[in-house]
Structure formats: C-alpha cells, structure tokens
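Student: Please take me slowly through one part of this model, since I have not seen it before. I would like to know what surrounds the bound molecule, and then how a helix elsewhere is packed.

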Amino acid sequence: TKWVYNFGNGSADGAADLRNLLGGKGANLAEMSNLGLPVPPGFTITTDVCTWFYDHKNSYPDDLNGQVEAALAQVGAVTGRVFGDDKKPLLLSVRSGARVSMPGMMDTVLNLGLNDVTVKAIGEDAGDMRFAYDSYRRFIQMYSDVVLGADHHEFEEILEQHKAENDLALDTEIAAEDWVGIIEQFKALVEKDLGLPFPQDPQEQLWGAIGAVFGSWMTSRAKTYRRLQDIPSSWGTAVTVQAMVFGNMGETSATGVAFTRNPSTGENTLYGEFLVNAQGEDVVAGIRTPQDITEKARLEAGSTKPSLEQLMPECFAEFQDICSKLEHHYRDMQDLEFTIEKGKLWMLQTRAGKRTAKAALKIAVDMAEEGLLTENEAVMRVEPGALDQLLHPTIDPKATRDVIVRGLPASPGAACGAIVFSSDEAEEAKAAGRKVILVRVETSPEDIHGMHAAEGILTSRGGMTSHAAVVARGMGKPCVSGAGSLRIDYRTGTVSAVGRILNKGDIITIDGSSGQVLVGEVTMLQPALSGDFGTLMGWADKVRRMKVRTNAETPADARAAREFGAEGIGLCRTEHMFFEGERIVAVREMILADGEEGRRGALDKLLPMQRQDFTALFEIMKGLPVTIRLLDPPLHEFLPHSDEELANVAEAMGVDVEKLRERASSLHEFNPMLGHRGCRLLVSYPEIAEMQARAIFEAAVEAGKITGELVLLEIMVPLVGLKAELDLVRASIEKTAKAVQSETGVELTYQIGTMVELPRAALQAAEIAKSAEFFSFGTNDLTQTTFGISRDDAASFLGTYQAKGLIEQDPFVSLDQDGVGELVKIGAERGRSTRPGMKLGICGEHGGDPASIGFCESVGLDYVSCSPFRVPIARLAAAQSAL
Ligand code: PEP
Ligand code: MG
C-alpha cells in the first residue's frame with residue numbers, strides 16, 4: 001500500500017482531488033506543486049494510516065517507516081539537506097490535515113529536527129546564530145506544548161522575566177547568547193515537568209509529532225466538534241511533513257496570511273497581514289501587530305508601518321500573481337499562508353476562504369460576471385440561511401457584547417429598546433416615539449398590537465414555533481424566545497438573570513440571530529439589499545422549479561413579501577385578523593352568543609371587517625394565488641382569563657362577568673391543540689365557515705373590480721382528519737359561492753383544499769383528495785401530532801435532547817425527514833394517486849428552512865410558503881435544490 005505521497009519541486013504524487021486521502025492541506029499542497037508554484041517540498045502520510053493506527057491499537061503499518069525514509073530522502077535531495085545531519089540538517093514542519101478543517105486538532109510543529117548540535121549547523125549555515133537559537137527555542141516551546149503536553153505558559157513566563165530583567169520590549173531584541181541561556185532554562189523546565197529530557201534525536205522528534213497528530217484525532221475536543229458537525233470519525237486525519245522555510249531569518253524574511261478577496265465585504269482586492277522576521281504563529285498570536293499586505297489597505301487603515309507592497313515589491317508582485325492563478329484555478333476565493341525567506345517567496349497553504357454572507361454574495365456575483373463561474377454555480381455558492389444576515393439589522397461585529405442571558409434565536413435581526421412588560425405599554429411608548437422591547441413570559445394573540453409596536457420581542461418561555469416566534473418572524477421582527485433562565489416579575493416590573501436585575505425602562509438589545517440578550521445599546525449595521533442581491537436572486541429564479549409563497553394576513557406583510565419576491569400567499573391565518581382592533585369585540589360576542597341566531601348576529605358584524613381585510617390582501621396579490629385558511633384556533637384563545645381581564649372585558653361588552661367566566665371555563669380544554677379547533681369548530685358552528693366564505697368571495701369580487709384582475713382563490717380547511725369533515729365544510733362554502741355569484745353576477749373560480757397536518761390525513765390522503773383540490777402540508781401541527789410533542793411546551797426538553805445528541809435539530813425548525821417527512825411523502829403520493837397533478841404545498845415553518853425545502857423538492861411539492869422575510873432564503877434554497 002502507498003501510505004506516503006510526496007510533493008514539491010514542480011510535481012506531486014497527489015492532487016486536489018485526493019482530499020479524502022491527503023486531507024485538505026496535503027491535497028492542496030500537492031495541487032500547488034503541480035501548478036509549478038513555489039512550495040517547500042514535503043510529503044503527506046495518508047488518512048488511511050490514521051484509520052490503520054486506530055484499528056491496530058495505535059500502531060503503524062510495517063511498511064510505513066520505509067516509505068517515510070524514502071520520502072525524507074527525496075525532500076533532502078530537493079533541498080540539498082539531510083534530516084538529522086550535523087552539517088546540513090533538514091528541518092521540518094509537521095501539520096495535521098483532515099478532509100475538512102477541524103478545530104480541536106493538533107495544529108503545527110515547526111522547526112522539527114533541531115537539537116543542541118543541529119542548531120549550531122543551522123546558525124553557521126545561515127550566518128545568523130540569533131535566528132538559529134530563536135528557531136530552537138520556538139521548537140522546544142511548540143513541541144513541548146502540542147506533543148509532550150507541557151504547559152506553555154511557563155515558557156512565556158521565563159521569556160517575560162528575561163525581557164523584564166534586561167529591559168527589552170520584543171522577542172526580536174533578544175541576542176543569540178541570551179537565547180542559549182533561555183533554551184537551557186526551557187529544557188530544564190521540560191525535564192522537571194515531564195521527568196524526561198527534551199528529545200534530542202530527530203527521528204524520535206518526528207515520530208513523536210506524527211503520533212501526536214494521529215492522537216489529536218481522538219481528543220475529546222475533536223470528537224465533540226465532529227459530533228456537532230456530523231463528521232464521521234472514520235475519515236481520519238492526514239499528516240503533512242514539509243521542509244521548513246524561515247520567515248525569521250532577518251529583515252528580508254517575513255510570514256503572513258492573506259485572502260484573495262476581502263472576506264468581510266467581498267471586495268475584489270487582496271487582503272491580508274504579515275510580519276517581518278517572524279514565524280507563522282506570531283501572526284496569529286497577536287504579540288506584534290501585523291502589517292498590511294497592500295498599499296491600498298495600509299492607506300485605508302492609516303497605518304505608518306510599511307506594506308509588503310512597499311517593503312518587498314518583487315515578492316509582492318509574485319504573490320499577487322499567485323493569488324490570481326490560484327483563484328482562477330480553484331474558481332473560489334482563497335485563504336493563503338506564505339513565508340518569505342531571504343527575499344524568496346514560498347506558499348504554505350491554500351484553501352477556500354471563510355467569508356461573511358455579504359462577501360459570499362458579492363464574490364459569487366462578481367465571479368460569475370468575471371466569467372470564472374457560471375450563473376448556476378454562483379447560485380450554489382451562497383448559503384441560503386446566510387441571507388438572513390442581509391435582510392435584517394445586525395449587531396456590529398466590532399461592538400462589545402454584555403450578554404445577560406441566551407434564549408432561542410427565534411426571529412433574526414437585532415433590536416434595541418427600553419424594557420416594557422405589557423403590550424399596552426409598548427403601544428403607548430411607540431405612540432410617544434420611544435423604542436421598546438416587549439418582554440413577556442410568553443405572548444398570546446392578544447399581544448399582537450404590542451408586538452407590532454415593539455422593536456423586538458423577548459420571552460422566557462416557548463420554542464421556535466411558539467406564538468411569539470411565529471408571529472415575530474411573520475412581522476420580520478427580531479425575537480428571542482424561551483430564555484429560560486430569565487426571571488420576569490410583572491408585579492415589581494423587573495427582570496433578572498445571573499444575579500443581575502433590570503428594571504422597566506432599562507435599555508436592552510436582543511439578537512434574534514444568535515439568541516443573545518445584551519444589556520444596553522450597541523451599534524447596529526443596517527441591511528443593504530444591494531444590486532448583487534437582486535442579481536443572484538434573478539439567477540436563482542431562472543432555475544427554480546418550486547414556487548415560493550408567503551404566510552401573511554396583513555397588507556404590510558403581504559407587501560413586504562411581494563417585495564421579497566413572493567408569488568402569492570400560501571397561508572392566510574384568518575384568526576390573526578380576529579384580534580385586530582374592534583374585531584375582537586364581535587368575536588367575543590359570537591362566542592358568548594347562546595344560540596345560532598345570536599352567533600349569526602355577531603358574525604354579521606364581523607363580515608364587513610373580514611371582507612375589508614381580504615379585499616386589501618387581494619389587491620396586493622392580484623393575479624396571484626391566495627390561500628385563505630378558515631378559522632383554526634380553539635375559541636378560548638379569544639377570551640380573557642385573569643380576573644382583571646375578565647372584569648374589564650365584561651364591562652366593555654356590557655355582559656355579566658359571571659357569564660363570561662362561565663363561558664371561558666366551559667371552553668377550557670386540557671389539550672387545546674388537540675381539542676375543539678380547526679374544522680371541528682366549523683362542524684360545530686357552520687355559520688362561521690359561511691361568514692368567512694362570504695367575506696372571501698365578496699372581497700374577491702370587490703378587489704377584482706378595483707384591479708381588473710381576480711386573485712386565484714384557494715380556500716383551505718384546517719385540521720382535517722376525515723374526508724367527511726371536509727365534505728361538510730365544502731358544502732357550505734359552495735352554497736355560499738353560489739349565493740354570492742347570483743347576488744353579484746360575477747362568476748367565481750376557486751379551489752377548496754385542505755391542510756394535511758394530522759397523520760390520519762396523510763395516511764388517508766387518497767380518500768381525502770376526492771374532496772380536496774389541493775393539499776397544504778401544515779408541518780407545524782404534523783410534527784406535533786407525529787411526535788406527540790406539544791409545540792408550545794417542547795422547548796423545556798428538546799434542548800436537552802439536542803445536547804445529549806438524541807436529535808440533531810429541533811424538529812419544529814428543520815423537518816424530521818425520516819418520520820414527519822415520510823408522512824408528507826405518503827400524503828403527496830396518495831393524494832396524487834387520486835388526483836394526478838394535484839397542487840401540493842407546505843405552509844408550516846419548515847417552508848422557510850433550506851434543508852426542509854430541499855426535501856420538498858425531492859417529494860415534488862409545487863410550492864413552499866414561509867414568512868415574508870424568509871422568502872428570499874426560500875427562493876435561493878428552492879433554486880439550489882433544483883440544480
Ligand atoms: C401548521 O400547522 O403547520 C400550520 C401552518 O398551521 P398553524 O401553525 O397555524 O397551526
Ligand atoms: Mg396547523
């Protein structure tokens with residue numbers, strides 16, 4: 001078996017496509033060698049050796065030693081040096097490299113091969129003893145730290161003490177003779193701490209380092225990271241051993257890191273930092289302040305330290321040229337490491353650079369326009385979820401964060417304002433021109449006005465599909481929900497966490513993208529929907545198969561969604577309209593009415609209001625499909641509960657408070673989400689469906705007159721489990737349609753369909769499809785009913801499930817494709833077996849989740865529907881899943 005792959009000197013055994021075998025680092029070094037770029041020669045021990053190592057009680061294959069010897073000889077031949085030789089010693093770096101870059105692994109050992117003898121040879125050879133001893137002491141520090149497991153602070157202490165005693169500021173000021181003394185102290189320290197002398201034998205050093213790399217694959221940090229990132233431990237790590245080049249050989253040497261484009265803005269200019277007379281770890285360690293690579297960056301930063309461009313113009317020009325070569329070769333922005341040894345440039349690493357969402361977007365669009373990528377490739381390059389960062393204000397990454405508590409990132413974006421504890425206060429404050437954050441244990445439909453008025457919402461209870469989370473996402477307002485360690489005391493007007501107390505009126509900032517709650521005001525960055533955004537979206541739309549609709553019930557949401565590119569409404573939750581303004585009064589009258597006649601009286605008052613709401617929506621959505629869902633929630637949600645509220649409402653309505661209380665308690669259910677709701681209400685009170693249908697049809701006629709175009713009406717019945725339920729409601733909708741047609745003389749076209757949100761509906765989809773013209777998968781309830789997990793209470797234990805690794809993701813956030821997904825698939829197939837080509841969509845929160853959208857594509861849904869601010873994300877995710 002070939003365990004070892006050489007590279008350098010313009011050729012290599014491997015190439016970039018051997019990433020699985022050579023790790024990212026090794027594969028890209030091989031690739032750069034093949035491209036003829038200046039790469040110090042070296043070799044990579046494959047990931048197969050790592051697997052072998054763990055399969056064979058931490059030992060190596062018999063023929064590995066010989067292959068390493070041969071590879072070392074080849075490196076020696078290229079460099080004119082010999083590993084362990086006391087005249088012309090070869091020094092090495094040893095680095096880990098998995099398929100994907102992985103924090104928690106051993107990083108690097110530099111200057112390996114140095115000992116009390118070779119250090120002198122290196123010094124004489126370079127004509128610089130200071131350099132040689134500096135390298136040796138670095139080696140002892142690094143090797144002891146990462147291979148032998150010594151405490152690196154103690155080395156730093158020795159150094160700091162020496163500098164203090166001799167009045168020196170920088171390591172580079174320490175003279176050669178002084179380093180000799182320090183090195184003796186270092187070695188003594190190792191011997192004292194570890195009970196063994198620092199290894200002098202270069203072979204022992206090399207195998208020690210190789211063993212440390214393989215060993216670091218199984219550290220608990222690495223294992224945790226793999227578990228979180230879903231990386232199988234069978235992948236293993238490779239070890240790359242490379243001839244050293246020295247950035248610390250005096251003033252014509254340097255080392256640095258760079259990105260071929262700006263990783264935070266995406267701007268197409270080289271961006272990076274370097275240090276003169278230094279080795280790699282100095283740049284990251286932040287001991288000395290690095291200098292800018294380009295003049296442009298130096299001028300922008302107003303730095304007085306010369307740029308690489310000024311200092312070493314030839315190296316800079318060559319580096320710039322290599323950057324452009326690598327970008328063209330990999331067709332992506334690269335993150336590079338380089339070293340300059342006595343004026344000669346060497347490349348040490350290249351890989352795709354990490355970037356912000358903004359940069360990802362700009363780079364993808366620019367590269368397509370430069371001809372480096374096709375439009376479709378550019379579409380694939382931007383992670384849909386990352387667009388969230390671009391659609392909302394975000395906290396300035398430079399701002400300091402005084403985090404008091406962390407909850408769920410329920411609705412993205414950041415907001416800042418004074419604490420208020422009730423929706424009425426929020427509304428008053430807004431009217432007075434003050435910005436507030438509504439802080440509640442949980443919100444209910446009665447808080448809609450407060451949520452509208454507030455800049456953001458913070459709750460201590462409730463998950464990702466709690467009322468607060470769903471409504472806030474719909475409004476595009478930041479929300480942190482389920483911040484469990486927050487103690488909210490409405491009575492004293494205080495909120496506390498980790499021993500800190502905040503009062504009503506105190507300023508807080510919530511970050512709905514991370515779930516953090518911060519004390520005080522912080523600087524925000526405003527979203528800029530730049531031209532690039534529109535360009536990329538245009539490309540995405542060209543390849544997308546699924547339509548993207550929105551969940552909206554207010555004109556403001558509908559308009560926002562249209563601006564984001566929604567192609568209709570996939571879910572209008574009519575109950576949300578019941579809470580606005582005086583509507584709630586009529587709704588309560590209806591609930592309190594003693595018989596059908598009384599209910600009809602109250603519904604007559606609601607009719608014009610609902611009609612007006614629908615008319616407004618239909619005008620905005622002219623020519624597009626609009627799915628209106630009939631009343632869904634259990635009626636108790638519309639009634640007050642506390643004594644105080646009961647008294648207020650009774651007085652306002654002029655009814656006896658006892659009657660109100662009685663009605664509220666008779667509507668009480670142990671399990672309201674599985675109770676008298678959805679079509680069950682419409683079966684009990686057909687007049688509700690009738691009123692709603694009338695409002696919908698009359699509004700369609702009215703809006704049609706205004707816009708000259710009818711919407712494509714879809715009326716949807718919630719929580720259907722039996723075909724008979726749908727039949728019953730359908731009959732009353734159809735009767736109403738006929739009536740409105742004959743009254744207005746306008747011929748109405750519409751479809752009647754159902755939500756599939758109960759397992760029975762999915763299983764019986766073939767039967768239900770006889771009566772339903774379309775299905776919309778209500779995956780919020782379907783998740784709740786499939787798992788038997790309450791969507792309002794799940795937050796209290798789902799976090800533990802995730803922490804213990806029982807589930808990877810909250811199933812209310814990302815569709816459980818195995819279980820709930822199977823029901824969606826069954827529902828889709830069985831529905832279409834009855835009604836070929838029947839229109840299928842999804843309107844649960846999952847309609848805005850990229851992974852779930854990919855699943856929807858795979859089962860052939862026609863559209864996804866999500867809250868307005870997720871529409872662009874869904875457009876991009878739908879495009880990617882179609883490619
Ligand atoms: C659902 O259950 O997925 C759904 C969209 O309806 P709601 O969230 O209003 O119950
Ligand atoms: Mg539902």
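Tutor: The shell around ligand 1 is made up of 2 nonpolar, 4 polar and 4 charged residues, where Ala, Val, Leu, Ile, Met, Phe, Trp, Tyr, Cys and Pro count as nonpolar, Asp, Glu, Lys and Arg as charged, and the others, Gly among them, as polar. This is a predicted model, in which local features need pLDDT of at least 70 and side-chain atom pairs count only at pLDDT 80 or more, while totals for chains, interfaces and linings use all residues. Residues are numbered from 1 along each chain as its sequence is written, and chains are lettered from A and ligands numbered from 1 in the order in which they are written.

Among the residues surrounding ligand 1 are Arg 573, Asp 632, Glu 757 and Asp 781, a residue being near if its C-beta atom, placed from the backbone, lies within 6 Å of the molecule. The largest share of this shell, 3 residues, comes from α32, and both β28 (569–573) and α32 (779–787) supply at least two residues; helices (H or I, at least four residues) and strands (E, at least two) are DSSP runs, numbered from the N terminus.

Turning to helix α3, Val 68, Ala 71, Leu 72 and Val 75 are buried, with 20 or more other C-beta atoms, placed from the backbone, within 10 Å of their own (12 or fewer is exposed, in between partly exposed). These residues lie on the same side of α3 because they cover an arc of only 105° around the axis, taken from the directions from the helix axis to the C-beta atoms. On the other side of α3, Gly 66, Ala 73 and Ala 77 are exposed.
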